[in-house]
Every structure is written in C-alpha cells, then in structure tokens.
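Open the model in your viewer and keep the selection tool at hand. This tour goes from the nonpolar cores to the aromatic rings and then to the charged pairs.

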Amino acid sequence: MTSKTSDLTTPPPGLVEWLRVARTHNQCHSIALSASPSTDLHRIATAITSYLSEFDGKGSYQWRAFSLDELRTLAESAVCRDLILSEAKTLSHRSPPPSNLDRVYRRLARIGGVVLEGECGIEATSDITEVFHVCLCQDKHPSHQGYHLWINPELFAPKSLATVIADSFLSWSCLLYT
C-alpha cells in the first residue's frame, strides 16, 4: 500500500471477501509475531499463512498475514476500520484500547485465522487466550512473559522456520480443546 492512509476510501483488494469468508469459518485462533529488527517478519508471516492455508484442514479458508504497515493503514482509514470493526462483540480488555490500531489488532485476532506482525500486535492481544504469541529473537529473552514460543530464527532455514511455528501453533490450538 503506497498511498497515503488518509486517501484510502475503499478497502484494499480482497479484504472484503476475506472478511466475509472469515466470519463464517470455524478457526478461532490467530498468531502474533514479534522479532528482532534484522528478521524479515513479513516473509515469515506469509510463509506461515501459506502453510496453514494448505495444511490446517479447513480447505476453503485462507489464512491472512497483516503487516504493521497494512494494519496502520487499515486503522487510519475510516472505511476500512468500520468494515473490520463492524459486528464486533463487546470485547473485554484490561482497559479500553487506546488506539484504533489496537482495536483493529484485537478484532482481527478475534475473527481468527490471521498472523499479526510486530510488537504492537503482541501487546494488543496479550490478554486474548486464542492468540498464539511467538518471539523470533536471536539473543535477548523477550520482556513479555506470555510468549508461547521463543525461537532463534538464525538457527533455522527460512522455510523450516515457518513450518516449525505453524506446527507448534496447530499443536497448541488442538490442546485448547482437550
């Protein structure tokens, strides 16, 4: 998205259809990723969504990765924000979310089937039990203690890193129902 966010008067291609389908699927879990600055988080998030769309058994449902830039654009556009937040249930939160960006993060996480990128997503969803939190850190332990998975991306090939995260997520999400 290269246009200024204030100029966005129509939703990005595919968002309306994705939301329509997402509201009807059974996937109620999402993933939030944070990483050290040198990690290509969007490439990893996209690989995770490809893997989950192919292997999580839903068939017709497609996972979607949302980059921080894309989420900022959606949160700043009244048209997109209203589309995403429509039909939102009253959501409990420690306190009212302080920004439109937090509200968009939380709503997408509650819809399910998304991979949210960046520390903002981790913080906005820290109290949502249906979100699998992952930290891709090379040498520093994350300050947020609620991570489900903490992994050094330098120790994995890029393709296998996405598979490890996705398989860990699938195992975790199955454990919630046993």
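Start with the largest nonpolar core of this predicted model. This core has 26 residues. Select Trp18, Phe66, Leu71, Leu108 and Leu116, which have the most contacts inside it.

Now colour by element of secondary structure. At least two core residues come from each of helix 1 (15-22), helix 3 (68-76), helix 4 (78-85), helix 5, strand 3 (114-117), helix 6 and strand 4. Which helix gives the largest share of this core? Helix 5 does, with six residues.

Centre on Phe66 next. What is Phe66 in contact with, leaving aside its neighbours within four places in sequence? Select Leu15, Trp18, Leu71, Leu74 and Leu108. Then add Val114, Val115, Leu116 and Glu117 to complete the list of its contacts. Trp18, Leu71, Leu108 and Leu116 appear here as contacts of Phe66, and they are also among the residues with the most contacts inside the core.

Move to the second core. It is separate from the one above and has 23 residues. Ile44, Tyr51, Ala65 and Ala166 are included in it.

**Aromatic rings**

How many aromatic pairs does the structure hold? There are five. Select Phe132 and Trp172 for one of them. Their ring centres lie 5.2 Å apart, with 45° between the planes, and the pair is tilted. This pair links distant parts of the chain. Phe132 sits in strand 4 and Trp172 in helix 7 (residues 158-175), 40 residues apart.

Are these two rings buried or exposed? Phe132 counts as buried, at 3% relative accessibility. Trp172 is buried as well, at 12%.

Keep Trp172 and add Phe169. Here the centres are 5.9 Å apart and the planes stand at 40°, so this pair is tilted too. Phe169 and Trp172 are about one helical turn apart, because three residues separate them in helix 7. Phe169 counts as buried, at 0% relative accessibility.

Add Trp63 to the selection. Trp63, Phe132, Phe169 and Trp172 form one aromatic cluster.

**Charged pairs**

Switch to the charged side chains. The count comes to four salt bridges. Three stops follow.

Select Arg64 and Glu70. They form a salt bridge, with the closest N and O atoms 2.7 Å apart. Where do its two partners stand, buried or exposed? Arg64 is buried, with a relative accessible area of 15%. Glu70 is buried also, at 13%.

Select Glu130 and Arg110. The closest N and O atoms of this salt bridge are 3.7 Å apart. The pair links distant parts of the chain, 20 residues apart. Glu130 lies in the loop between helix 6 (119-124) and strand 4 (131-136), while Arg110 belongs to helix 5 (residues 100-111). Glu130 is partly exposed, with a relative accessible area of 24%. Arg110 is partly exposed too, at 29%.

Finish on Asp40 and Arg43. Their side chains meet in a salt bridge, at 3.6 Å from N to O. Asp40 counts as partly exposed because its relative accessibility is 39%. Arg43 has a relative accessible area of 38%, so it is partly exposed as well.

Technical notes: Residues are numbered from 1 along each chain as its sequence is written. This is a predicted model: local features need pLDDT of at least 70, side-chain atom pairs count only at pLDDT 80 or more; totals for chains, interfaces and linings use all residues. Side-chain values use heavy atoms; hydrogens and water are left out. Buried means under 20% relative accessible area, exposed over 50%, partly exposed in between (1.4 Å probe, protein chains only). Helices (H or I, at least four residues) and strands (E, at least two) are DSSP runs, numbered from the N terminus. Rings of Phe, Tyr and Trp (its six-membered ring) pair if their centres lie within 6.5 Å; planes under 30 degrees apart count as stacked, over 60 as edge-to-face and the rest as tilted. A nonpolar core is a set of buried Ala, Val, Leu, Ile, Met, Phe, Trp, Tyr and Cys residues joined through side-chain atoms within 4.5 Å. Contact means heavy atoms within 4.5 Å.
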